[in-house]
Amino acid sequence: MHTLRERNRFKLIGVRAEEQRASFGEDVAQGLSRTPKRLSYRFLYDAEGSRLFEAICALPEYYPTRVETGILRGHVDALGTSFGSALWFVELGSGSDRKARILIEGLLRRGKDVCYAPIDISRHALEKNCEALLETYPGLRIHAVAADYLEGLRHLKSESDGPMLVAWLGSSIGNLERDDAVAFVAQVRRWMNPTDRFLVGIDLRKDAAILERAYRDSQGVTERFIKNVLTRINRELGGHFDLESMEYEAPYDGEAGRVDMLLTSKRRQDVPIDGLSLVVHLDRGESIHAESSYKYSREEIAALGRQAGMKLEAQWMDVSGWFSVNLFAPT
Ligand code: AVI
């Protein structure tokens with residue numbers, strides 16, 4: 001662990017920075033050699049993927065960002081009542097800082113002494129966001145952690161000198177399999193004290209047509225976002241995917257409560273990936289699974305909390321009941 005930069009109000013810590021994650025190539029080779037073929041959703045977020053995801057968030061059809069932002073705005077004051085005069089606002093992930101700003105502003109407005117502690121694997125994203133926040137809010141302290149979420153939380157548990165509000169927004173939980181979601185929340189629970197709270201944005205089950213529009217937008221931005229993983233394989237691993245030969249599909253399975261984002265081969269083809277000494281065979285109509293987005297019912301959210309050792313202390317939704325922001329307390 002080492003301090004990268006330390007000023008009065010700003011600290012950026014790297015935790016186990018030298019430990020790199022399993023290589024992209026190994027995971028791609030494994031995922032494209034199994035049946036059905038599958039790539040991790042994590043690989044969607046290179047620089048171009050992150051840019052495209054930001055563009056998705058601004059699409060009229062992609063309601064989650066807009067609706068969650070409205071819920072946070074409407075309930076940040078109520079959220080503040082769960083804490084005393086000082087708190088650490090820990091955010092898992094640090095993409096666009098729009099939602100962080102709503103919470104920081106609302107908490108400062110209530111006279112709270114706030115230390116903002118974003119955890120993100122990307123130092124670059126942290127530095128960029130934090131600099132802008134320090135400038136806007138002269139009363140804010142920041143303790144940023146470049147690490148994976150659980151390592152970052154473990155570090156903060158020993159550093160923080162007040163109760164923590166840990167926020168995981170954007171329904172990122174939906175990209176995990178349901179069992180993995182419970183396991184992750186249970187891990188977060190491990191690093192929480194009784195006065196800490198976990199704020200989780202979770203997209204709700206709803207009509208298939210709304211979901212299919214949200215994940216297959218009319219401008220084709222989501223298609224470009226998902227296909228970008230093939231561009232990445234072509235560029236970084238010497239792949240020869242022809243993007244035109246792959247059809248983007250996003251069916252909603254209402255029973256499973258899940259949108260699957262698939263790239264389906266329009267023809268029978270063999271795709272060499274030179275850097276992996278691999279030829280990927282695709283039959284006509286065969287899909288590569290790139291991402292799932294799980295949706296929850298209110299009962300499923302309460303059950304998820306229970307299984308992970310948390311109880312639902314508050315749940316806020318928009319008027320249409322499309323999206324929920326949930327405040328969990330450790331039990
Ligand atoms: C980041 N995550 C919650 C998004 C979602 O809604 O599942 C990713 C996404 N994929 C396509 N559109 C949005």
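**Close-up views of a predicted model: domain interface, ligand shell and two backbone features**

**View 1. The interface between domain 1 and domain 2.** Domain 1 and domain 2 bury about 1900 Å² between them, and carbon and sulfur atoms account for 49% of this area. On the domain 1 side, the residues that lose the most area to domain 2 are E61, Y62 and N175, which together make up 35% of what that side buries. The contact involves 18 residues of domain 1 and 24 residues of domain 2. The model shown here and in the other views is predicted.

**View 2. The two domains of the protein chain.** The chain is divided into domain 1 (2-16 + 60-207 + 296-330) and domain 2 (37-57 + 209-294). Between the C-alpha centres of domain 1 and domain 2 the distance is 28 Å. Each of these two domains supplies at least three residues to the shell around the ligand.

**View 3. Residues around the ligand.** The ligand is surrounded by 14 residues, of which Y62, N175, Y215, E291 and S293 come nearest. Sorted by class, this shell holds seven nonpolar, six polar and one charged residues. Y62 and N175 also appear in View 1, among the domain 1 residues that lose the most area to domain 2.

**View 4. Polar side-chain atoms facing the ligand.** Two residues are paired with a nitrogen atom of the ligand: an N or O atom in the side chain of N175 is 2.8 Å from such an atom, and for an N or O atom in the side chain of E291 the distance is 2.7 Å. In the case of Y215, a polar side-chain atom is 2.5 Å from an oxygen atom of the ligand. The ligand taken alone exposes 340 Å², and the protein buries 96% of that area. Elements giving two or more residues to the shell are α2 (47-57), α9 (221-237) and β14 (287-294).

**View 5. The cis peptide bond at P36.** T35 and P36 are joined by a cis peptide bond, with omega about -10°. P36 sits in the loop that runs between α1 (24-33) and β3 (37-38).

**View 6. The backbone at S171.** S171 is a residue other than glycine with a positive phi, near 55°. The loop that holds S171 lies between β7 (164-168) and α7 (178-190).

Notes: Residues numbered from 1 in each chain as written. Predicted model: local features only at pLDDT ≥ 70, side-chain atom pairs only at ≥ 80, totals over all residues. Heavy atoms only, no water. Near = heavy atom within 4 Å. Polar contact = N/O pair within 3.5 Å; in protein donor to acceptor, adjacent residues only side chain to side chain. Areas by Shrake-Rupley, 256 points an atom, 1.4 Å probe, with all protein chains shown as cover. Helix = DSSP H or I, 4+ residues; strand = E, 2+ residues; numbered from the N terminus. Nonpolar A, V, L, I, M, F, W, Y, C, P; charged D, E, K, R; others polar. Domains from an automatic or database assignment. Contact = heavy atoms within 4.5 Å. Buried area = accessible area lost by both parts, 1.4 Å probe.
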